[in-house]
Amino acid sequence: MIFGASGLLGRSVMRAFGDMTVTGTGLSRTAGGLVAVDATSADAVTGLLGRVRPDVVVNCVGERRPALWAGSPEKARAGNVEAARLIAEGARAFGARLVHVSSDYVFDGTAPPYRPGSPPNPLNEYGRWKLLAEYAVRAACPDAAILRLPVLYGRVQFAGETNLTEIARQVAAGAPVELDDVCVRYPTHADEAAEVCRRLAGALLHGRHPGRVVHWSAEQGLTKYRMALLIARRFGLPAGHVRAGAADAACGDRPVDCRLDAGNLPAALGPVCRRLFDTEFPPAVEPWLTPAGPAGGRRKEDPS
Ligand SMILES: NC(=O)c1ccc[n+]([C@@H]2O[C@H](COP(=O)([O-])OP(=O)(O)OC[C@H]3O[C@@H](n4cnc5c(N)ncnc54)[C@H](OP(=O)(O)O)[C@@H]3O)[C@@H](O)[C@H]2O)c1
């Protein structure tokens, strides 16, 4: 069972488990046979797990959009922390293996690279919620695998769904814009992260445990400004309107460099198809280089 299957990562995870019998859940987006479940409702989570009795659960539920952290903090906290706890309790109660997805934002970004055992020290609410979620998962389901990931990109449904497509839209729009050139991110393709989820789930099902907390990350580090320059160069767009800035670093609640060290996870999982940013970003951003995007470009609840 994939909780959060309608999201960026969840859609990729659904594809990665495509040869299996999978139940996917969504909250506001339930097209394509997804089950509508509010993961902050104990009855809803327990009821569904009790009916389906999955062998393995992957939890991709999360609320990671900054506008919602500020606008509805209680709701965002519940979507990150309560949902994680309830799903972990349910997985344990019904004997399912659990892969829980967490974030590099549990670290403060001052001392990379970060290993799974490095001390967390989140700088913002989202990072604190992701860390509280990890603690709740560990308490409720001690054998769960907690997978920390860096910023993701891939096939999006609206431009604001990833930083990368939002940056592409800003490059294409041509209006003056300043993008941070201090904070380093390691954009990782959602399909690659999904393959890791699948391999982790397979390992757990076969009684192997690659680690209770594990890391996965692409290796190429880029700032938002560098991503913009790559997009402009690849598509022959002017970049004179894009200035290098330091806004993310200056605001104090964005980590500067959370490079994740995956340790021996690649060896433990077997060969995972590495997706290089330089070859994977063009198809991810190309549909969003027109102001409207492929289908109007924004969904109703897109806050960005
Ligand atoms: N995207 C990144 O850059 C990134 C980086 C590191 C870690 N992560 C983590 O990876 C996981 C997946 O992220 P994502 O990027 O795929 O997020 P996303 O695109 O925003 O999708 C979030 C998913 O959670 C669902 N959801 C939200 N609140 C819910 C609730 N109360 N009950 C049930 N479902 C709820 C959403 O459902 P609807 O959309 O149907 O409402 C959607 O399926 C999260 O844990 C996130 O923290 C993401």
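This briefing describes selected residues, the ligand surroundings and the internal cavity of the structure above. The model is predicted. Within it, 28 residues surround the ligand, and a search of the whole structure finds 1 cavity of 30 Å³ or more. Two further positions are treated individually: Glu192, which lies in helix H7, and Asn264, which lies in a loop between helices H9 and H10.

**Ligand surroundings**

- Among the 28 residues around the ligand, those that come nearest are Ser6, Ser28, Arg64, Tyr126 and Lys130.
- Asp38 places a polar side-chain atom 3.3 Å from a nitrogen atom of the ligand.
- Ala39 approaches a ligand nitrogen atom through its backbone, with an N or O atom at 2.8 Å.
- At Val61, a polar backbone atom is 3.3 Å from an oxygen atom of the ligand.

**Internal cavity**

- The largest cavity has a volume of about 40 Å³.
- Its lining is formed by Val151, Leu152, Tyr153, Asn163, Leu164, Pro187 and Met227.
- Two elements, strand E7 (152-153) and helix H6 (163-173), each give two or more residues to this lining.
- By residue class, the lining of the largest cavity comprises 6 nonpolar residues, 1 polar residue and no charged residue.

**Glu192 in helix H7**

- Glu192 belongs to helix H7, which spans residues 190-205.
- Because its relative accessible area is 1%, which falls under the 20% limit, Glu192 is classed as buried.
- The side chain of Glu192 makes a polar contact with the side chain of Arg274, at a distance of 3.0 Å.
- Leaving aside residues up to four places away in sequence, Glu192 touches Trp216 as well as Val272, Cys273, Arg274 and Arg275.
- Arg274 therefore appears both in the list of residues that Glu192 touches and as its partner in the side-chain polar contact, while Glu192 itself is buried.

**Asn264 in the H9-H10 loop**

- Asn264 is found in the loop that links helix H9 (247-250) to helix H10 (265-269).
- The relative accessibility of Asn264 is 56%, so this residue counts as exposed, the limit being over 50%.
- Asn264 and Asp191 are separated by 73 residues in sequence, and their C-alpha atoms are 20 Å apart in space.

Note on methods
Residues numbered from 1 in each chain as written. Predicted model: local features only at pLDDT ≥ 70, side-chain atom pairs only at ≥ 80, totals over all residues. Heavy atoms only, no water. Helix = DSSP H or I, 4+ residues; strand = E, 2+ residues; numbered from the N terminus. Buried < 20%, exposed > 50% of the residue type's maximum accessible area, 1.4 Å probe, protein only. Polar contact = N/O pair within 3.5 Å; in protein donor to acceptor, adjacent residues only side chain to side chain. Contact = heavy atoms within 4.5 Å. 1 Å grid on protein atoms, 1.4 Å probe; cavity = no way out; pocket = protein on both sides within 12 Å on 5 of 7 lines; lining within 4 Å. Points joined across faces, edges and corners; volume = space filled by probe spheres on them. Nonpolar A, V, L, I, M, F, W, Y, C, P; charged D, E, K, R; others polar. Near = heavy atom within 4 Å.
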